[in-house]
Amino acid sequence: MRYLSRLLLIVWTFYRFGLDELALSTLKRRRFRFLRRLITVGRVWDQPRGARLRLALERLGPIFVKFGQLLSTRRDLVPADMIEELSKLQDNVPPFPAEQSRALIERAFGRRIEELFATFDAEPVASASIAQVHFATLKDGREVAVKVLRPGMLDIIEDDLALMRTLAGWVERFSADGRRLKPREVVGEFNTYLHDELDLVREAANAAQLRRNMQDLQLVLVPEMIWELCASEVIVMERMRGVPISQLERLREAGVDIKKLARDGVTIFFTQVFRDGFFHADMHPGNIQVSLDPETFGRYVALDFGIIGTLTEVDKDYLAQNFIAFFRRDYKRVAELHIESGWVPPETRVDELEGAVRTVCEPHFDRPLKDISLGQVLMRLFQISRRFNVEIQPQLVLLQKTLLNIEGLGRQLDPELDLWATAKPFLERWMDEQVGWRAFVHHLKKEAPRFAQMVPEFPRLMHEVLRQRADTGQAELTRELLREQRRTNVLLQALLWGVSGFVVALVVTQVAVRWMGG
């Protein structure tokens, strides 16, 4: 009944804000136009469609807000008036009362606010779908940001995920094409990431790992966590100062090289994905700022680490080979990789898959980002995937989402950016480091600590091996002697019986001769 009430709320919200009319307006067939006119009889909306969509998503909660955040980066797919409204979801979600924030912080640490901080700003500086942020100052004078989880989030998310799992089950049950998309596995991945985001200690750990990974790159800043003030519902971190990346005019006036910023964004993304296999998977403009401090001028400032994607070495190698094959226009290799990985049935003809991929990708090369859309490429590849029964890989859903975020961000910063040309040298260098002499030296350095432990133990290990072999040889010799002894005993028994039989026969013969002679 709880799930049914949530479903009814979603339907009512769509109806109240006219999203049903908005969806039907995109369908051009006559019967849909008639249905649209029918359902709008007597209904009037005072606000434009973009505002209605934003308000509906805010009313429905965090999962829908995150969907709106993704849409806000897709200027090639969503009209400008809707983009303007959806962008407000990134930092203008209505905050919850300051009294609740104080109560949650004091409950988390068992101390009063005045005992924890020298100053604490009751009004939040940012309010997102999962949590909101307050600025504060520690007793030692350090300026910090305090992130507080929204109360009651777990119940809301559990209800929405239960509905999504039910819908996914229906899709798999009634649609063969839907089963290929593995909707239940995709919902499972989404479930994992959302629950991870609800544990702020996990977010703090993600930030610490990302900070270590990015320290040598000198392109992005990640706040330091104040670990003694981190709990599951509240975390305290270093306060970061920067200009939101969406404020391009302000950045230009400050002297920031916008084209370099776009190239750096691509470098950061591919470094996190292919070098570290650990990437920020929620890179919408609301989570990215640019530093204007003299010491770190022009660097990215990353915020909100609740959603982090990870890739295995196998995933990284497969993806890198696919990217490089695309960049080199080696569509045959792309087809071979899909077959080798098991993404398509083994009986698939390489030449047919090669031709289909070439048809999709070739028109998009040698063109700036403003003239192409990865979203459109992915949609056409999806259409082809149905023909060849390609299985969607749920572990790559976050990577696909992040790649679309990067494209949307790059489109805002530098529409002339050639994404392929920017990424190709990095991937080729990365692949060069995975094979050959460089890879050997890298793995040798990586294994050096283990070798350092094993080398002093080598004489002892060799002695144990030789002793085991000696013991094994001695045992084998003993077993062989026993076998020989058993064979000798058998021969002796046979000889004894033979001699005994001969003697008995001889005695019997002598007795018989004498008896006959007598």
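In the predicted model, Lys147 has a relative accessibility of 9% and therefore counts as buried, the cut-off for that class being under 20%. The side chain of Lys147 meets that of Glu203 in a salt bridge, with an N to O distance of 2.8 Å. This pair links distant parts of the chain, since Lys147 belongs to strand E4 (residues 143-149) and Glu203 to helix H12 (residues 200-214), 56 residues apart. Glu203 is likewise classed as buried, because its relative accessibility is 3%.

A salt bridge is also formed between Arg54 and Glu85, whose closest N and O atoms are 2.7 Å apart. Arg54 is located in helix H4 (residues 49-60) and Glu85 in helix H6 (residues 80-86), so the contact ties together parts separated by 31 residues in sequence. Arg54 and Glu85 are both buried.

Glu362 and Arg329 form a further salt bridge, at 2.9 Å from N to O. Here the linked parts of the chain are loops: Glu362 lies between helix H17 (350-361) and helix H18 (374-387), and Arg329 between helix H15 (313-327) and helix H16 (331-341), with the two positions 33 residues apart in the count along the chain. Glu362 has a relative accessible area of 31% and is therefore partly exposed. Arg329, at 30% relative accessibility, is also assigned to the partly exposed class.

Salt bridges also occur as a network, which links Arg102, Glu106, Arg112 and Glu114. The count of salt bridges in the model comes to 20.

Definitions and conventions
Residues numbered from 1 in each chain as written. Predicted model: local features only at pLDDT ≥ 70, side-chain atom pairs only at ≥ 80, totals over all residues. Heavy atoms only, no water. Salt bridge = Lys/Arg side-chain N within 4 Å of Asp/Glu carboxyl O. Helix = DSSP H or I, 4+ residues; strand = E, 2+ residues; numbered from the N terminus. Buried < 20%, exposed > 50% of the residue type's maximum accessible area, 1.4 Å probe, protein only.
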